[in-house]
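Visitor: I would like to learn how to read a model of this kind, feature by feature. Could we begin with a sheet and work outwards from there?

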Amino acid sequence: MKSLTKVGRKRRVSAAVAVAGVLALGLAACSGGGSSSGLDGKTLKMYTWIGGKADRQQWSDYIAGGKHADPKMAVSFSGPPINDYYTKLPTVMKSSSAPCLVTFQNGRVGQYVQGLEPLDELAKKNKVDLKAYSSAMLEQLSVKGKLYSIPFNAGPTVVLYNKKLFAAAGIADPKNDWTVDDFIAAAKATTKDGVYGFAIPQGSNPISTIMAADGHPYADSKGPKLDDPNFKDALQLLVDLSNKYKVAKPLEAAAGGSFPDIDAFSTGQAAMEMQGLWDLQHEQQALGKDNVGIAVIPSKTGTSKGFIGGSGFGITKTCGDKQKAFKAIEAMTSKSGLEYVTKAQASVPARLDALDAWSTNVGSPAFASVIKQMTGDATPSPVPSNQAQLDTLLTQYEVNAFSGKSTVSEVLAQVKAGLAQ
Amino acid sequence: MMSLRRDLVGNEVAGGSVAPQNRSRGRLHRRPLGGPRWVGWAFVLPGLIGLAVFIVIPQVASLVLGFSESTLLGGIEFTGTQNFVRLLRDPQFLNSVLVTAIFVLVYVPANIAISMAMALWLKTRIAGRNWLRVIFLIPALSPMVANAAVFRLLFQKDGAINQLLTGIGLGPVPWLSDGNWALAVVIGVSLWQSFGYNMIVLGAGIDSISPDVIAASRIDGAGRLRRFFAITLPLVSPALFFTTVLTVIGAWQTFAQAYVITGGGPGNSTMTIMLYLYQTAFTNDQLGYASAIATVLFVIIAIFTLFQLWGQRKWVHYD
């Protein structure tokens, strides 16, 4: 009896070990990191945001630009819409199917550096001249002195305006020295017949842009400057545009990452919006190419500075061939590669030496002067590692300032308390 | 209503409990269907692996992570009970428990009442009742995220609902800019989405009541209300118990409606526990703390479910 029990026990132990082994193998397969990791044969896998046809076309154009510079380059891409991208990115970077290349927007690398390869050494090894890129962007895409992403697009935030609505209201096109008062006057004049003069964006981007226009960075190395009076003034201006001047629809509760301002502008329900230049092409398609103008961000004094929020490519730590991945980035962000992209895309190239091609292919002289002012004299600002949390909390709490339930100071105190959790 | 019956292998069953087998038989070694023991395991193994990989391992991993400080891309540092102590002092978490509790208290009774009322209505001889059942079930079959996105547009300041209300002199209502109204919207959309499923289950329970019993009660002179409370409700109680348990569990786990319609706002007025958990894990990158929240949510749901299982003996009739 005793030996039979022992045999039974041994069998049970063996079975348990076998099951555990199978499970362990399965789980180990999830960790990734082999020499082919992040590649599909010879093709590098890139994970990026794809919200629809326009995004898909954008990435196809960058890959075509890279191929133009280096015919051997092969990159495929996949990913979710932008509002899901940053929440899925860490999970994807940890998975067995982790890509080699990832993309970042608005300099948001801070939260992901643990899964990213620093690029300084690779740039040195491949003799890439980093001075050719916008220095404000390189600063945004670096953390503690290490560069984690090479910029391809330096799209500054600008005011996009509906030319037909401006003309109908008898308003002249904004000049590069327009002030906040001029902006409010234009918004008042265009607010009529169910159309608002301005569409307010959610989150921190409009605040950081308004602050940057007057030379105040919205964040420093410690994080967002919620105690800075300029931060409060910027949010107060947005609230006043709705509640005091009645030229904008008040913000309501909405899911983070949605863009009610873009929807309002592209459907002709608002005469102006404040967005990154990446939105220009979409608006031109929606409202007509000659019907969309761009203007500098209005400032208190009339000497507006830009807020840079462009995008870059990064390499994951698990990438099986980091040299190949860097060569692909080098090709896609090369002068000839980015010049090629300007034939199809309105976004501003991150390389200063490709700006002329952008002016020729996409912009008008008026566009070029706005971009030069916004990129040439930008207010440098680090992007805090808790940027996603800041945007989420601002989106939630700022609604109370628009509804009159809280003051702007109370909203900022609530956001500060949330960030401290 | 309590009676004795025999289950499939001949045990006496009383009020849902199984009477112990004759002890003198000892441990049952016979396998009624014959064949070696591994055949049985082979049948069970795929299910067991699925249970282990998708339920047990993630649950255990989440429980363990709750005692650590970890990020999605970084390492794990065990911090003992620190996360659970922090939860007790976290006003955002305590608020999310309150918001979810209000949601459960309003949503569950309303859902059951509406589902029961609709199931009773569809039991009457109205034309096209089968079609109506399908129509009422459609919201439950369509994706919540898509539904919620449409409702967000409808409830905007200048959305269709406010235009309608303004047209009859009752609007506009600050649906998405006032915390109380926003929570009402989230509850309302959740009800619209889910009552169809419970309606079908309760309807099946009502349909299974023998017409003879109803006829007998009519002959005895029972009115509609008396018939409902003395006949229908006791006989449909197993289905009612089933729907209540699942509805309570689902209510504590509410996520998509708040995520898509309000994002937890205005302020934190619609911040459910699941939404706070999601934000903590994926926006704030605090995986350990989020796992502690998941463990507490699991305990809350387990307590409510066990309480319901215990309470069912007093009001659920299986015969």
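**Reading a sheet, its neighbours and its contacts**

Guide: Strand β8 (residues 157–162) of chain A is joined to β11(A) by five bridges, and the two strands run antiparallel. Please keep in mind throughout that this is a predicted model.

Visitor: What should I understand by the pairing of strands in general, and in which order do the strands of this sheet lie?

Guide: Strands of a sheet pair through backbone hydrogen bonds, and the pairing is either parallel or antiparallel. Here three strands of chain A form an open sheet in the order β11-β8-β12, with antiparallel pairing. Its edge strands are β11 (272–276) and β12 (292–295) of chain A, each of which pairs on one side only, and from one strand to the next the twist averages 35 degrees.

Visitor: Which residue of β11(A) is the bridge partner of A:Y161, and which helix lies across β8 and β12 of chain A?

Guide: The bridge partner of A:Y161 in β11(A) is A:M272. The helix is α11 (residues 280–287) of chain A, which lies across β8 and β12 and runs at about 150 degrees to β12(A).

Visitor: Into which domains is chain A divided, and how many residues of each are in contact?

Guide: Chain A is divided into domain 1, covering 39–155 + 309–376, and domain 2, covering 157–307 + 386–420. The C-alpha centres of these two domains of chain A lie 26 Å apart, and 20 residues of domain 1 are in contact with 21 residues of domain 2. On the side of domain 1 of chain A that touches domain 2, α3 (82–94) and α15 (365–376) of chain A each supply at least two residues, and the largest share, six residues, comes from α15(A). By class, that side of domain 1 has eight nonpolar, eleven polar and one charged residues.

Visitor: How would I read the contact between the chains, and which helix gives the largest share of the side of chain A that touches chain B?

Guide: The size of an interface is often given as the accessible area lost when the parts come together. For this model I can offer residue counts: 30 residues of chain A are in contact with 29 residues of chain B. On the side of chain A that touches chain B, α3, α16 (387–403) and α17 (408–420) of chain A each supply at least two residues, and α16(A) gives the largest share, ten residues. The residues of that side of chain A divide into twelve nonpolar, 15 polar and three charged.

Visitor: Within chain B, at what angle do the axes of helices α3 and α10 cross, and is the crossing left-handed or right-handed?

Guide: The axes of α3 (residues 91–123) and α10 (residues 237–252) of chain B come within 9 Å and cross at roughly 145 degrees, and the crossing of α3(B) and α10(B) is right-handed. Among the residues that meet there are B:F103, B:Y107 and B:I112 in α3(B), and B:T247, B:V248 and B:W252 in α10(B). By class, this contact of α3(B) with α10(B) has eight nonpolar, six polar and no charged residues.

Visitor: Which peptide bond of chain B is cis, and where is B:P266 placed?

Guide: The bond from B:G265 to B:P266 is cis, with omega near -5 degrees, and B:P266 is in the loop between α11 (256–261) and α12 (273–283) of chain B.

Visitor: Finally, where in chain A does pLDDT stay under 50?

Guide: Chain A averages a pLDDT of 87, and 91% of the residues score at least 70, but over residues 19–32 of chain A the pLDDT stays under 50.

Definitions and conventions
Residues numbered from 1 in each chain as written. Chains lettered and ligands numbered in written order. Predicted model: local features only at pLDDT ≥ 70, side-chain atom pairs only at ≥ 80, totals over all residues. Axes fitted to C-alpha atoms, helices over the stretch in contact; angles between N-to-C directions. Helix = DSSP H or I, 4+ residues; strand = E, 2+ residues; numbered from the N terminus. Left-handed = near helix turned anticlockwise from the far one by under 90°. Contact = placed C-beta atoms within 7 Å. Nonpolar A, V, L, I, M, F, W, Y, C, P; charged D, E, K, R; others polar. pLDDT = per-residue confidence, 0-100. Domains from an automatic or database assignment. Pairing = 2+ DSSP bridges.
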